[in-house]
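Thanks for asking me to look this one over. My comments are below as numbered points, so you can follow them with the structure open beside you.

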Amino acid sequence: MVYSEHGKNLVYNRVVLLFAFIMCFWETAFAHLRYTVLEESKSGTIIGNIIKDLGLDIKQLEGRSVRVISGSKQQLLQVNLKTGDLYVNEMIDREVLCDRDQRCFISIKMFMENPMEIHQAEIEILDINDNSPAFENKKKRLEISELTQTGARFPLEGAADSDSGINSLKFYQLSQNDHFVLEVKDIQKNKIPVLVLQKALDREVKGNFDFLLTAFDGGNPPKSGDMNITVIVSDVNDNAPVFAEEIYHVTLEENVPLGTFILKVNAIDLDEGINGAIVYSFEDSTKNKISGLFQLDSYTGEIIANGLIDFEERKFYEIEVKATDKGHVPMSSHCTVLIKIKDINDNAPLIEVASLTSSIFEDVKPGTVVGLISISDLDSGVNSKITCSLPDKLPFQLKPALQENLYSLITSSRLDRESVSQYNITITSRDFGLPSLSSHETILINVLDVNDNNPKFLKDPYIFFILENSTPGVSICAVSAVDADAKENALISYYLKETEVVEKPVVPFLSINSENGQVFSFTTFDFEEMKSFTFTVIAKDSGVPSLSSSVTVRVFILDQNDNPPVIVFPFTTNGTSVVEETIPRNVKAGYFVTRIRAYDADVGYNAWLTFSLDDATDSSLFSVGRYTGEIRTIRAISESDVAVLKIVVLVKDSGSVSLSASATVIVTTAENMEANAFSEIKSSRTREEKENNVTFYLIIILSSVSSLFLISIIILIAFRCQKTNQDFLTKYYLDDTNYAEVSGSLFHSHHYQTAENRLILVGPEVNRDSVMDVGSNGNTLIIPDNGIKIAQMVSDIFFLK
């Protein structure tokens, strides 16, 4: 049943006025409409047109995603999205949906996108008089002793009417008689009929009475229901049990365990014996309604929970308890137990995702709306109050919308796909009950890439070492860069920078593979001509616009043993080195004859020279210092030894494939007097030379140690300022002449080129007196073991890691 035409116009006018008021004061995309409809309206009954009431045109809905959420499991109402009509989908029974004494509403929400709009409509279900008052039992039989005093009260079963308001139960009417009158007791808005004895009974005069109790509602026309009451007058047992209280009140939490003690009723009977024994029971009017939930001990009067009590199903119970004695004619009395159910927090919030954008670009601005979240809780009071949150450290937040328990999911900060490309956002809703209950809903949001990252080289700078004499056309090194972006934004191409200004440009002799960064050389490199070279590589991605970065590549050329030793003394003529020496015949063992001087254009082990006796007229007479090149006598010269002796000294370097050169010494023994004079002159000259050399070497050593110590301190300070050993190595290789190699007992540093000075550390097996210059023009310095300790200390500081 629906409104009349006049009623429809009134409702429509009210909706239009309400909509105009909202449009005047709310400049938002949220509207709230209210309609009314009578219960039991037929399916298809049109309640109103939401689209027109919102001031919208049905054509404006084309291309917009429209969703309707009813908020209940049953789809009682529906919206025709083609016409905008709100209509009844299923027959609505107000008595099923709502309590009798409350206004009944059904709420629906309509979400529209592009742009986002939220509209809510509340439909009030109006009651009609479709239910008559009814008694659960059509007949009631009472046994009343003839000794019952006037004024005794006998509660009867009340009638029930599911309608509300004016259509609910209003009054009772008892058929005319001389002994009983009817009173009505109001308990918690329920009307309970009570039969009151106003005239003493006499079983001998009349043994039973029949009455008709009628219940009327307030409808127009009113509806009614009847119950037949039969009163049997009994004899003898003249005292009925009396309850300690007429009405018992108790509050019980929902969901209490089975067997929980609720209340104990107590009645007293003044009779003795069997007439004073009391049995408790539920009244027939309430037994069927609550027998599954409550259990009454017939002997003790204790009431316990016997089923699941749910506040959301029913908030209040009214139970009639009867106490009956065991007399021949049992007497009884009644009391009312009122049980108020207390809500506990047993329903977690319900999270619904109304709208969601699942993919967003990483450069969206903070505050961008990603989705709409609706949350509800079936509990009441503080247990239904909720809060909503997201995990910490997420670039998203929930912002309350205009409507209660509706939230917008927005970005709170800048997004970075390279850090996080996908977010699994868990929305947590928690109520304020004790204990608090929560629910979770996880949504997935993908972050789309934009070209916001330059290519990044794996090292900066790159340092490579290649051997000299490399084959042209082979790869000498490779660089690599990565781009944190995705797809074409991360596709990298490599180029050589062409505009470098250096003394010896090498870029024209280099090429690079644009796909993998491999660098090729079209020329060969000679360590003795070039120690290192530098060039710049540019990495560029394929994004729009393109981003790039560059890196400096430093290539150091390593020496190979490609230069043989060169004899400096004796002088080489036509490829042959020969010297003649004269010594006295009376010399003793250890006599200094001469010294072979040589150098090697290579460096390191490749330039570390050793001397050995390759051939001699008498190999038992002379020895050659392994590292000094000194030729000395091993024993005294005897009369049987020949006067002219030939010695061939072999000079070899220490390369993996050793190269060598040789020198020939012709030794002539002179007579004693000439030899002694010559020996004295030569010895004097030798001592003077040694003294001068020692002084010169000490000056060099002290100067070198001081310089190395100062350099070590500077480098050590610079090293402390760097984060990695690679940075220190990069700083150190910025100068071509700074080249260090430590291997075994060899310390070769700072003096890198062939024509420069070198330091060679020699172990304790070499005689201290044998310290002398073995290189060309003092190029190679030999230091005995006492100098090794000083140099080793400097080396340890210099190469501290």
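1. Let me begin with a hairpin: six residues connect β39 to β40. The model is predicted, so please read every point here in that light. Strand β40 covers residues 548–558, and its pairing with β39 is antiparallel, over nine bridges. One place to look at is serine 532, which stands opposite phenylalanine 556 in β40.

2. β39 has a partner in β36 as well. Strand β36 (residues 492–496) runs antiparallel to β39, and five bridges join the two. Here tyrosine 495 has isoleucine 538 of β39 as its bridge partner.

3. Is β39 largely enclosed or not by the rest of the structure? Strand β39 spans residues 532–541, and seven of its 10 residues are buried, so it is largely enclosed. For this count, a residue is buried when its relative accessible area is under 20%.

4. Next, a sheet that you may want to colour separately. Four strands form an open sheet with mixed pairing, in the order β16-β23-β22-β19. At its edges are β16 (247–253) and β19 (278–282), each of which pairs on one side only. From one strand to the next, the twist averages 25°.

5. Within that sheet, β19 and strand β22 (residues 316–325) run antiparallel and are joined by five bridges. To check the register, take isoleucine 278: its bridge partner in β22 is aspartate 325.

6. β22 and β23 come up again at a pocket. The second largest pocket has a volume of about 940 Å³. Its lining has 37 residues, and those closest to the pocket centre are Arg153, Phe154, Ser332, Ser333 and His334. Strands that each supply at least two lining residues are β8 (139–145), β9 (153–155), β15 (242–243), β22 and β23 (332–342). Which strand gives the most to this lining? That is β8, with six residues.

7. After β9 there is a loop worth a look. Asparagine 167 sits in the loop between β9 and β10 (169–174). Is this loop residue buried or exposed? Asparagine 167 counts as buried because its relative accessibility is 10%, and the cut-off for buried is under 20%. Leaving aside residues up to four places away in sequence, asparagine 167 touches Asp127, Ile128, Asn129, Asp161, Asp217, Gly218 and Gly219.

8. Two cis peptide bonds deserve a place in your notes. One joins asparagine 220 and proline 221, with omega about 0°. Proline 221 belongs to the loop between β13 (208–217) and β14 (224–234). Another cis bond joins phenylalanine 569 and proline 570, again with omega about 0°. Proline 570 is in the loop between β41 (566–569) and β42 (572–573).

9. Please also look at two asparagines with positive phi. For asparagine 255, phi is near 65°, a positive value in a residue other than glycine. Asparagine 255 is in the loop between β16 and β17 (261–264), and β16 is also an edge strand of the open sheet in point 4. With a relative accessible area of 28%, asparagine 255 is partly exposed.

10. The other is asparagine 405, whose phi is near 65° and is likewise positive in a residue other than glycine. Asparagine 405 lies in the loop between β28 (396–400) and β29 (406–411). Why does asparagine 405 count as partly exposed? The reason is its relative accessibility of 21%, since buried means under 20% and exposed over 50%.

11. Last, the chain as a whole. The chain holds seven helices and 54 strands. Of its 801 residues, 44% are buried. Among contacts between residues at least 6 apart in sequence, 67% join residues at least 24 apart. The chain exposes about 42100 Å², and carbon and sulfur atoms supply 53% of that area.

Key:
Residues numbered from 1 in each chain as written. Predicted model: local features only at pLDDT ≥ 70, side-chain atom pairs only at ≥ 80, totals over all residues. Heavy atoms only, no water. Buried < 20%, exposed > 50% of the residue type's maximum accessible area, 1.4 Å probe, protein only. Contact = heavy atoms within 4.5 Å. Areas by Shrake-Rupley, 256 points an atom, 1.4 Å probe, with all protein chains shown as cover. Pairing = 2+ DSSP bridges. Axes fitted to C-alpha atoms, helices over the stretch in contact; angles between N-to-C directions. 1 Å grid on protein atoms, 1.4 Å probe; cavity = no way out; pocket = protein on both sides within 12 Å on 5 of 7 lines; lining within 4 Å. Points joined across faces, edges and corners; volume = space filled by probe spheres on them.
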